[in-house]
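Subject: Structure for you to look at

Hello,

Here is the structure I said I would pass on. Please open it first and keep it on screen while you read the notes below.

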Amino acid sequence: MPRSPRRHFLTLSATTLGGLLVYTLDRKSARLHAQTSALKVPLRFFTEDEALAIAAAAARIFPADESGPGADEAGVVIYIDRQLASAYGRDHYRYTQPPFEPGVPEQGYQGKETPREIYRAGLKMLGPFHTLAPAEQDARLKQIDTTVFFSLLRTHTIEGMFCDPMHGGNAGMIGWQMIGFPGPRMSYFDDVDQHYGAAFRPKPESLAQMLGRPVTPGEDTET
Amino acid sequence: MKTLPPVDVAIVGGGWTGLTMAKELATRTGLKILVLERGGPHKTRDYLDNMDELDYAIRLRTMQPIRDETVTLRHSVRNRALPIRQYGSFLPGTGVGGSGEHWSGISYRYYPHDFQRVSHLVDKYGRARLPENCAVRDWPISYDDLEPYYERAERLMGISGKAGNLRGTKVEGGNIFEGRRQSEYPTPPMKMPYLAALFRDATHSLGYHPFPLPAATTSVPYTNPDGVPRAGCAYCGYCERFGCMIGAKAQPTNTLMPVLTRRNNFEMRTGAWVRRIVAEGAHVRGVRYADSRGNEVFQPADLVFLASWTLNNTRLLLLSGIGAPYDPETGKGVVGSHLTHQVSVPAATLFFDKPQNAFMGAGSAGIAIGDFDFLDHTDLDFVSGGALYTVCYGTRPIANFGVVPPSVRTRWGAEWKKAALHNYDRTGLVRFYGEHLAYRDNYMDLDPVYKDRLGDPLLRLTLDWKDNERNMVRFITNRAVQVGQVMGAVEIQPFQGLKRYQATRYQGTHIQGGTIIGAKQTDSVVNMYLQHWQAPNLFVLGASAFPQNPSSNPTLTAVALTIRAADAVIQRYLKHPGALA
Ligand SMILES: Cc1cc2nc3c(=O)[nH]c(=O)nc-3n(C[C@H](O)[C@H](O)[C@H](O)COP(=O)(O)OP(=O)(O)OC[C@H]3O[C@@H](n4cnc5c(N)ncnc54)[C@H](O)[C@@H]3O)c2cc1C
Ligand code: SF4
């Protein structure tokens, strides 16, 4: 798919990120303090406008509100951008031999479109989504919430909220903090049959933190 | 095509059954053993870096690459089969250890009646009660025939549990319904997470008989009879769909490979995609495979073991033209018949007001009841059964986020988010693993349209549920809801019912049939030693031999049958090559 060679960046302001996070960008960590000015994230797949539209839609699916931060704060759009740029975006994890025929739902998704193509078509449905008011945004999502695109975007939003931060989402492990998930741990031997009915909430650690060394995420290893 | 120097034994597939056979032969004979495995190597130390839900439990990076090969599915011969394009209802592994690397480790023995299934049903209720098109069979062996091999399989893996029938004496706290065992489990039961404790107390108070799930996620450090030491489980929760990073879960790589790599009569050849078993009349000459560079290779062998898991075993026999393909119209032919997929459903999703800390657990840490395997079906509209249980396998955030009680209607936005956050660690499942009877019209053959990456036809599944399974699930769902109420759930989402077979909902990699075991060569593919009736130097290992699906998970039985076959090969076949039955 020929794309413009111009490098696109997503500009994240300290306010979007809530000023609280360690944010991993192309393997570099940065702490965004309220006083830090904008941070430019190089995009791998989306154009800047596309990224803004997807970020806005993900933020309506998983909004920031009094129950906690949302898709913007977790960096969901960065997660999606990296997945789509990787072999996954080209349908590496699907059987894609023809003929493509419509089936019954029990046979599973039979479409020909790759995740990238589904997003490009979905972006057309969204239009300049980030410029709309929240109520208009919700109304537009309601119109499309039975489409393949929406269902993929919803799935990816959840993935971007709760994946290991090495994948670009769940920045600062805010997703894990909200649900009390501690991340990968070597052992719960002493706790697994304790704490019955009472919250046991060890502080979250990412895989790289647990191992004390970086791990290469799948999206950076496949061809 | 290159022809390689011959070996004594070629084993196709390096999972539980293939490597169990390899270990028996390599340690007890001087034969030169070659395992041909399509995927790559796996080592315990890699599994530490694999503790990532996205790459391993969602992108499924240790599963057989579905872009290369899948199966097609249709519900009946009248429908059009289409490829299962992304993984859903089952997850075959690839690489050394096969699915035995990322399995959960629930390791039941089958019940004695499972081996005499059709006689048992007919004796109890009469032939008229068998569902239409029912193809359920008796096995050619009994539970007692297999009992010593169950014991060897349990010791090999270090299964944790509590006996419920020790040499005929019922033992409270174990599964009192089980067949008579000669010995206690090798290791004590797993620790009990909160949900399991709730389930145990509730089922006990309702008069059922809870027992700890027999577990290959071994509870304490254990050294097996081969001298292979393994750690005890740490309940890390990265278990089902993951290899164990400390080697506590019995996997072929930590249980069999340590023995095999010390033998110089053993070779593991990875990246070898076997495409044909090469036969000349009744004699198998070897196998043809594509190596990792795509070169076609002929590997001659005196003895061939097909151990590539249910679907691949069936497909390779069909592709190789060994044995007559099953034809559902005429009932003639044998290869591909008796396709079953364990009926596995989330019978009741429970919502609690207390946190569960469900991230802690292990693939087979849980509690089950066997009472529904022993129903009196006289007044019921089905004749099968299964286990109700709860397993605390370690919930994963991506897969489990978004489960909300039936009272919440939205699936996105603020209201949904709030409910999903609140309920994330307040849910629990009462699951049902039920029997799947065999039917004449559930079967496998080669797909006429779709091909794998190398151009060979895919396997086609013709598979659907019948009223017997639907009615059983409806009955059990009601019981599960009752258990959930006693467990203290504040809201319960009952399972919506089995409709048509779905390729999209994960229900366990417990698929059986295709190369079934039997007493007569006219209606089965292998004899009671898993030896091919028509080609005595070919053996077919694994759950493809099971004529129907008993309610419990298949692996322990598949491994026990493999050890039994190995004994027959070593004690009889090698002395007098030829038919063993
Ligand atoms: C997520 C999950 C959870 C499970 N939990 C349980 C459980 O709790 N209890 C239970 O009893 N069972 C469980 N199972 C099932 C269990 O893993 C299998 O029953 C068991 O591994 C089967 O052993 P096998 O030797 O027949 O096949 P496998 O272990 O799958 O090995 C087959 C091997 O053959 C190779 N192969 C396939 N085709 C070819 C070819 N053409 N050429 C060369 N090599 C080939 C494959 O790459 C694979 O390595 C689970 C499975 C999964 C996926
Ligand atoms: S739960 Fe236990 S057996 Fe499973 S991977 Fe963790 S330590 Fe290993």
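Please keep in mind that this is a predicted model. I start with G100(B), where a backbone N or O atom lies 3.3 Å from an oxygen atom of ligand 1. G98(B) also has a backbone N or O atom by an oxygen atom of ligand 1, in this case at 3.5 Å. With E37(B) the contact comes from the side chain: one of its N or O atoms is 2.6 Å from an oxygen atom of the ligand. Ligand 1 on its own would expose 990 Å², and the protein buries 98% of that area.

Which elements of chain B give two or more residues to the shell around ligand 1? They are two helices, α1 (16-28) and α10 (310-320), and two strands, β3 (33-37) and β12 (273-280). In total, 37 residues surround this ligand. The closest are T17(B), E37(B), I106(B), V274(B) and T555(B). Sorted by class, the shell holds 20 polar, 14 nonpolar and three charged residues.

Ligand 2 has 14 residues around it. Those that come nearest are C233(B), C236(B), Y238(B), C239(B) and C244(B). Its shell is made up of ten nonpolar residues, three polar ones and one charged one.

Next, a pair of helices in chain A. Two packed helices are described by the angle between their axes and the distance between the axes. Here the helices are α1 (residues 48-61) and α3 (residues 76-85) of chain A, whose axes come within 9 Å and cross at roughly 125 degrees. Why is α1(A) called oblique to α3(A)? Angles of 65 to 115 degrees count as roughly perpendicular and those over 145 as roughly antiparallel, and the crossing angle of roughly 125 degrees falls in neither range, so the pair is oblique. The crossing of α1(A) and α3(A) is right-handed.

Two points about the backbone remain. Most residues other than glycine have a negative phi, and most peptide bonds are trans. The peptide bond that joins P98(A) and P99(A) is cis, with omega about 0 degrees. P99(A) is found in the loop between α3 and α4 (115-126) of chain A. In chain B, H338(B) is not a glycine, yet its phi is positive, at about 60 degrees. H338(B) sits in the loop between α10 and β15 (340-341) of chain B, and α10 is also one of the elements listed above for the shell around ligand 1.

Regards

Conventions
Residues are numbered from 1 along each chain as its sequence is written. Chains are lettered from A and ligands numbered from 1 in the order in which they are written. This is a predicted model: local features need pLDDT of at least 70, side-chain atom pairs count only at pLDDT 80 or more; totals for chains, interfaces and linings use all residues. Side-chain values use heavy atoms; hydrogens and water are left out. A residue is near a molecule or strand if one of its heavy atoms lies within 4 Å of it. A polar contact is a pair of N or O atoms within 3.5 Å; within protein, one must be able to donate a hydrogen and the other to accept it, and residues adjacent in sequence count only if both atoms are side-chain atoms. Accessible areas come from the Shrake-Rupley method with a 1.4 Å probe; for residues, only the protein chains shown count as cover. Helices (H or I, at least four residues) and strands (E, at least two) are DSSP runs, numbered from the N terminus. Ala, Val, Leu, Ile, Met, Phe, Trp, Tyr, Cys and Pro count as nonpolar, Asp, Glu, Lys and Arg as charged, and the others, Gly among them, as polar. Axes are lines fitted to C-alpha atoms, for helices over the stretch in contact, and angles run from 0 to 180 degrees between N-to-C directions. Angles under 35 degrees count as roughly parallel, over 145 as roughly antiparallel, 65 to 115 as roughly perpendicular and the rest as oblique. A crossing is left-handed if the near helix is turned anticlockwise from the far one by less than a right angle, and right-handed if clockwise.
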